[in-house]
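Subject: Structure for you to look at

Hello,

Here is the structure I said I would pass on. Please open it beside this email and follow along.

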Amino acid sequence: IVPLRGELNVPIHVVTSGSVVDYTIQSKDFDIAFGIVAEREEGETVVKETSRQDSHRSAIKGRFLVGSVPCAIIFTFDNEYSWFREKKITYKIKVTPPSFENIYRGRRT
């Protein structure tokens, strides 16, 4: 539950370069603002700009590749614009490391 006038951050730590992150986001009854950033020692990279999503009408799905590690991928659910309603959300985040074959192929010269 994202409180009214509030925000929920879900950090996911990724340590293997070449990992793929898949996500599905859905809210019940009302929209939610949603965004993703990757935090590293060197700074922050915006993966998906925070914007309001009609995730109550259909699930928001996405996928991206993580190149630079270690990093924290921060999924942000922002409800600061809502003065009257908390938002119920469900999410599924899956991090799939690269296969051994892909790692081996990437290191061959």
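Which residues does E7 touch, not counting residues up to four places away in sequence? Keep that in mind while you turn the view; the answer comes after a short overview. Please note that this is a predicted model.

Overall make-up

The protein contains seven strands and one helix. In sequence order the pattern is β-β-β-β-β-β-β-α, with the helix after the strands. Measuring tools aside, the C-alpha trace spans about 60 × 30 × 20 Å along its principal axes.

Of the 109 residues in the protein, 34% are buried. The accessible surface comes to about 7,200 Å², and carbon and sulfur atoms account for 49% of that surface. There are 16 positive and 14 negative charges, and their mean positions lie 8 Å apart.

Contacts in this chain often join positions that are far apart in sequence. Among contacts with a separation of 6 or more, 80% are between residues 24 or more positions apart.

E7 and its contacts

Back to the question. With residues up to four places away in sequence left out, E7 touches V2, T76, F77, D78 and E80. E7 itself is found in strand β1. Is it buried or exposed? E7 falls in between: its relative accessible area is 38%, so it counts as partly exposed. You can also find A33 from here, which is 26 residues from E7 in sequence and 9.3 Å from E7 in space, C-alpha to C-alpha.

The four-stranded sheet

Strand β1 belongs to an open sheet of four strands. The order across the sheet is β1-β6-β3-β4, and the pairing is antiparallel. Which strands stand at the edges? They are β1 (7-14) and β4 (43-53). Each has a single partner strand, so one side of each is left without a neighbour in the sheet. From one strand to the next, the twist averages 15 degrees.

For a closer look at one pair, take β3 and β4. Strand β3 covers residues 32-40 and pairs with β4 in the antiparallel sense over eight bridges. One place to check this is A38, whose bridge partner in β4 is T45.

Backbone details

Three places in the backbone deserve a look. Some background first: most residues other than glycine have a negative phi, and most peptide bonds are trans.

The peptide bond between V69 and P70 is cis, with omega about -5 degrees. P70 sits in the loop between β5 (60-65) and β6 (71-78).

R5 is not a glycine, yet it has a positive phi of about 60 degrees. R5 is found in the segment before β1. With a relative accessible area of 41%, R5 is partly exposed.

D29 is not a glycine either, and its phi is positive at about 75 degrees. D29 lies in the loop between β2 (20-28) and β3. Why does D29 count as exposed? Its relative accessibility is 52%, and the cut-off for exposed is over 50%.

If you want an order for your own viewing, start with E7 in β1, then follow the sheet in the order β1-β6-β3-β4, and end with the cis bond between V69 and P70.

Regards

Conventions. Residues numbered from 1 in each chain as written. Predicted model: local features only at pLDDT ≥ 70, side-chain atom pairs only at ≥ 80, totals over all residues. Heavy atoms only, no water. Helix = DSSP H or I, 4+ residues; strand = E, 2+ residues; numbered from the N terminus. Buried < 20%, exposed > 50% of the residue type's maximum accessible area, 1.4 Å probe, protein only. Contact = heavy atoms within 4.5 Å. Areas by Shrake-Rupley, 256 points an atom, 1.4 Å probe, with all protein chains shown as cover. Lys, Arg positive; Asp, Glu negative; His and termini not counted. Charge placed at Lys NZ, Arg CZ, Asp CG, Glu CD. Pairing = 2+ DSSP bridges. Axes fitted to C-alpha atoms, helices over the stretch in contact; angles between N-to-C directions.
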